[in-house]
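Let's take a friendly walk through the charged side chains of this protein. Have the sequence and the 3D view open as you read.

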Amino acid sequence: KHREAEMALSGLAKADDVYTLYYDETNNHRLLRIGPGGLNVREPQCFVLGGIAHRGAPRELQFAELKQRLRLQATVKDMKLAHLGKGGFLDLLKSDKLLTFLEWIKEQGLFVHFHALDPFYFAFVDLVDSIIVAQGQPLLFSMAMPLKDTLFSLIRLDPEPVVELCRAYDYPSLATGSSAAFLRELWSILGRRREVIDPYWFQMLKGIVRMGMRQAELPF
């Protein structure tokens, strides 16, 4: 019943159709840790899981034909980005080989699928949830997602000072009674970055953080 309600709410009319999906992954940092020198991953990137898909059961795909059209050697087993083009995103869009590849995707009746998430995001957004849950105000729950986005956008601008603050307070294992001081120092860092954030959500986040400073603890 829960599944049917979610499908109806989101308009997922083909959730029971059969598809075959092929996956690969990139930027799998597995675990982020804070040590004496900062994060164990200097610049954590989004973890991406993606590939191609088609309707129905698995079927043979014409990879040999694709290799010929891309003028790849027959011994090539894994097609890499470098086989399609080089440079930045806009440079890649000018690549004739990328166009060939996308045309092949379309001719084969394939889809491109991907899921991207930032593990760094989930390291911090529990702060918002902790404050909102403790406040127990239903209206705040409806604002949780944009508040999380605002918080994380401020952190992502320059994460190093925040990481150092987390190391000093042993975050997320904040000692009892230290959450107010932690939030106060966090906002002293983030409050100086307001120029890149929507003023409304900046003020809303500021209010949430102040609520958190008055709480005895952050439950999450």
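What follows is a tour of some salt bridges and of one neighbouring residue.

Please keep in mind that the model is predicted. Side chains of opposite charge can pair when their charged atoms come close. In this model, the count comes to 7 salt bridges, and we will visit a few of them here.

A good place to begin is helix H2, which covers residues 63-70. Here the side chains of Glu 65 and Arg 69 meet in a salt bridge, with 3.0 Å from N to O. The two residues are 4 residues apart in this helix, so about one helical turn separates Glu 65 from Arg 69. How accessible is Glu 65? Glu 65 counts as partly exposed, at 30% relative accessibility. Arg 69 is partly exposed too, with a relative accessible area of 28%.

Now stay with Arg 69, and look for another acidic partner. Arg 69 also forms a salt bridge with Glu 107, and the closest N and O atoms of this pair are 2.8 Å apart. Glu 107 belongs to helix H4 (residues 96-107) while Arg 69 lies in helix H2, so this pair ties together parts that are 38 residues apart in sequence. Glu 107 counts as exposed, because its relative accessibility of 51% is over the 50% cut-off. Taken together, Glu 65, Arg 69 and Glu 107 are joined into one network by salt bridges that share partners.

While you are looking at helix H4, find Thr 100, which lies in this helix. Is Thr 100 buried or exposed? Thr 100 has a relative accessible area of 18%, so with the limit for buried set at under 20%, Thr 100 is buried. Leaving aside residues up to four places away in sequence, Thr 100 touches Arg 69 and Leu 70. Arg 69 thus appears again, this time as a contact of Thr 100.

For the last stop, move along the chain to Arg 156. Which residue pairs with Arg 156 in a salt bridge? The partner is Asp 118, and the closest N and O atoms are 2.8 Å apart. This pair links distant parts of the chain, 38 residues apart: Arg 156 sits in helix H8 (residues 144-157), and Asp 118 in the loop between strand S6 (111-117) and helix H5 (119-122). Arg 156 is partly exposed, with a relative accessible area of 28%, whereas Asp 118 counts as buried at 11% relative accessibility.

Note on methods
Residues numbered from 1 in each chain as written. Predicted model: local features only at pLDDT ≥ 70, side-chain atom pairs only at ≥ 80, totals over all residues. Heavy atoms only, no water. Salt bridge = Lys/Arg side-chain N within 4 Å of Asp/Glu carboxyl O. Buried < 20%, exposed > 50% of the residue type's maximum accessible area, 1.4 Å probe, protein only. Contact = heavy atoms within 4.5 Å.
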